[in-house]
Amino acid sequence: MDRLQRVRMLAMWATVLLGSACSAAGRAPSVPLNPSFLPIIHDVETTPSPQITGPVQHVVIIVQENRSFNNLFYGYPGANTVTKGKNSKGEEITLQPVGLETQYVIDHSATAFLAACDGGAEGKTCKNDGFDKEQSFGGPANPEYVYVPHSETTPYFDLAKEFVLADNMHTSHIDESFVSHQYIIAAQASHSVNLPNGYWGCDGGPSDQVQTLTGTRTYGAQELACFDNTTLGDELDQKKLSWRFYTNTINGDGGEWSAYQAIKHIRFGPDWAKVITPQTQFFTDLAAGKLSNVTWITPTCVNSDHVNCGGKTGPHWVSTLVNAIGESKFWPTTTVFVMWDDWGGLYDPVAPKYLDYDGLGFRVPLIVISPYAKANYVSHVQYEHGSILRFIEDRYGLAQLAASDKRATDPSADCFDFNQKPRAYKAVPTMYTPQFFMHQPYDGRPPDEE
């Protein structure tokens with residue numbers, strides 16, 4: 001980890017130690033403090049598209065933060081999980097339960113990946129026994145070797161039991177969230193690695209640089225954290241299909257925490273109107289009979305599952321979103337993917353395969369939800385970020401964007417039965433309603449800063 005990264009991480013941990021003041025304590029729940037927090041008025045395609053053949057007319061991608069598969073689905077029946085993990089000293093560490101509300105920091109940069117992987121200079125032969133070499137700040141003893149108690153992950157387990165849980169889903173990259181979110185929209189990140197120096201996107205101007213990763217997994221020159229890659233949104237535009245990215249507004253800069261803010265022609269073009277804040281506007285749109293062909297939804301910090309954020313409402317945020325979709329008129333034509341953007345430094349026993357300079361990364365959970373999804377099924381097929389894009393591309397007749405979605409396996413074959421009659425939705429028990437999340441105190445923290 002270079003000096004800038006260490007300074008950023010120490011600063012972040014200092015913020016965590018200050019407690020939950022950043023979560024807007026004392027603010028009126030339904031009154032946003034930032035004008036850009038107000039919802040954007042927009043039109044959304046609501047009728048089946050003639051450009052799409054087949055039963056899937058709508059895909060919703062719910063993106064959560066920084067959890068490995070073993071950490072979140074520890075002990076799930078039929079899934080590949082373990083109760084102990086190896087460290088660099090050859091010791092077996094019994095994994096301990098640590099709740100979602102516990103706040104701490106684990107480095108999960110490319111440097112940390114190579115350390116945890118312990119597979120040579122390029123990580124080609126991962127032993128997965130170096131997680132204790134990742135830098136961490138605060139938290140429990142052996143903070144990498146933990147799992148979330150089942151009492152807190154019940155909504156996730158319930159969704160998985162009703163539909164499909166993929167236990168061999170990997171990130172398409174080896175590092176942190178900035179890069180991850182580029183893969184979610186573009187199947188690449190222009191060789192960028194780790195984090196920009198400042199703003200996560202084009203608004204930062206010429207001084208906002210991000211390091212690059214070379215073909216041999218070493219750090220290269222810096223580049224602008226503002227790209228002009230073709231994205232899935234561009235392909236949908238070309239085919240006259242609709243898309244929206246629901247996100248939150250960040251304190252301090254008035255920006256939106258969106259992967260599309262790093263795509264120049266979208267950030268400064270008409271498509272920026274498709275980036276909607278706050279993300280709870282999704283509930284309002286859905287209730288009004290509006291749903292795009294492709295939708296991304298990112299959380300607030302407190303609902304994100306991120307170890308830095310100190311919230312345990314993430315599983316209920318996700319299940320409330322899914323229930324709203326399942327109980328809407330769109331359920332018979334909708335597929336929902338619930339994914340986590342990176343491993344967050346948390347232990348996982350499955351060694352990622354070396355496919356190219358930037359992948360694969362460690363395992364993360366993936367839940368596949370659809371009236372055509374298999375019931376109570378664990379898929380052991382290897383997937384990655386690009387698999388979700390590949391599913392959309394294959395169903396909607398779109399081209400592949402980059403190496404990740406070209407090589408990725410479409411989940412259609414193993415996770416779905418499109419010959420079956422669409423299943424009626426069975427609501428997952430959850431503690432909260434959409435109104436709870438629509439009236440949460442404003443949380444202007446980025447869901448992820450690392």
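In these legends, a helix is a DSSP run of H or I with at least four residues, a strand is a DSSP run of E with at least two, and both are numbered from the N terminus. Please keep in mind that this is a predicted model.

**Figure 1. Helix α9 holds His316.** Let us start with one residue and its surroundings. His316 is found in helix α9, which covers residues 314-326. Is His316 buried or exposed? The cut-off for buried is under 20% relative accessible area. His316 has a relative accessibility of 11%, so it counts as buried. Leaving out residues up to four places away in sequence, His316 touches Pro155, Thr430, Met431, Tyr432 and Phe437. One of these, Pro155, belongs to the buried residues of helix α4, the topic of the next view.

**Figure 2. Helix α4 has a kink.** Helix α4 takes in residues 150-162, 13 residues in total. At 1.5 Å a residue, a helix like this should span 18 Å, and the C-alpha atoms at its ends are 17 Å apart, so the two values agree. Where is the kink in α4 centred? The centre is Tyr156, and the kink is about 40 degrees. Tyr156 is also one of the buried residues of this helix, together with Glu152, Thr153, Pro155, Phe157, Leu159, Ala160 and Glu162.

**Figure 3. An open sheet is built from eight strands.** Follow the strands across the sheet and you will meet them in the order β13-β12-β14-β1-β15-β16-β8-β17, with mixed pairing. Which strands stand at the edges? They are β13 (275-276) and β17 (377-379); each has a single partner strand, so one side of each is left without a neighbour in the sheet. At the β17 edge, the partner is β8 (residues 164-166), and these two strands pair in the parallel sense over three bridges. Within this pair, look for Leu165 opposite Val378 of β17.

**Figure 4. Strand β12 sits between β13 and β14.** This view stays with the sheet, where β12 comes between β13 and β14 in the strand order. Strand β12 covers residues 243-246; Trp243 and Phe245 point one way from it, Arg244 and Tyr246 point the other way, and all are buried. In a regular strand, side chains alternate between the two faces of the sheet. On one side, β12 runs parallel to β14 (residues 294-297), joined by four bridges. Here Arg244 has Thr295 of β14 as its bridge partner. β12 also runs parallel to β13, this time with two bridges, and Phe245 has Val275 of β13 as its bridge partner.

**Figure 5. Tyr260 belongs to the largest nonpolar core.** This core has 113 residues. Which residues have the most contacts inside it? They are Phe73, Tyr260, Trp296 and Tyr396. Apart from this core lies another, of six residues, including Val98, Tyr104, Ile106 and Leu346. Back in the largest core, we can zoom in on Tyr260. Leaving aside neighbours within four places in sequence, the contacts of Tyr260 include Trp243, Phe245, Val275 and Trp296, and also Ile185, Thr231 and Trp272.

**Figure 6. Asn194 lies in a loop between α5 and β10.** The loop joins the region from α5 (177-186) to β10 (209-213). Asn194 counts as buried because its relative accessibility is 3%. What does its side chain meet? A polar atom of the Asn194 side chain lies 2.9 Å from the backbone nitrogen of Ala110, and the side chain also makes a polar contact with the side chain of Tyr219, again at 2.9 Å. Asn194 and Thr212 are 18 residues apart along the chain, with 8.3 Å between their C-alpha atoms.

**Figure 7. Strands β10 and β11 form a hairpin.** Strand β10 is mostly covered, with four of its five residues buried. It runs antiparallel to strand β11 (residues 219-224), and four bridges join the two. Val210 is paired with Glu223 of β11 as its bridge partner. Five residues lie between the strands of this hairpin, where Arg217 takes a positive phi near 60 degrees.

**Figure 8. Val381 lies in a loop after the sheet edge.** Val381 is found between β17 and β18 (383-384). With a relative accessible area of 27%, Val381 is partly exposed. Not counting neighbours within four places in sequence, Val381 is in contact with Asn168, Thr409 and Asp414. Its C-alpha atom lies 9.8 Å from that of Asp410, a residue 29 places away in sequence.

Note on methods:
Residues are numbered from 1 along each chain as its sequence is written. This is a predicted model: local features need pLDDT of at least 70, side-chain atom pairs count only at pLDDT 80 or more; totals for chains, interfaces and linings use all residues. Side-chain values use heavy atoms; hydrogens and water are left out. A nonpolar core is a set of buried Ala, Val, Leu, Ile, Met, Phe, Trp, Tyr and Cys residues joined through side-chain atoms within 4.5 Å. Buried means under 20% relative accessible area, exposed over 50%, partly exposed in between (1.4 Å probe, protein chains only). Contact means heavy atoms within 4.5 Å. Two strands pair if DSSP finds at least two bridges between them. The expected span of a helix is 1.5 Å times one less than its number of residues. The bend at a residue is the angle between axes fitted to the seven residues ending there and the seven starting there. A polar contact is a pair of N or O atoms within 3.5 Å; within protein, one must be able to donate a hydrogen and the other to accept it, and residues adjacent in sequence count only if both atoms are side-chain atoms.
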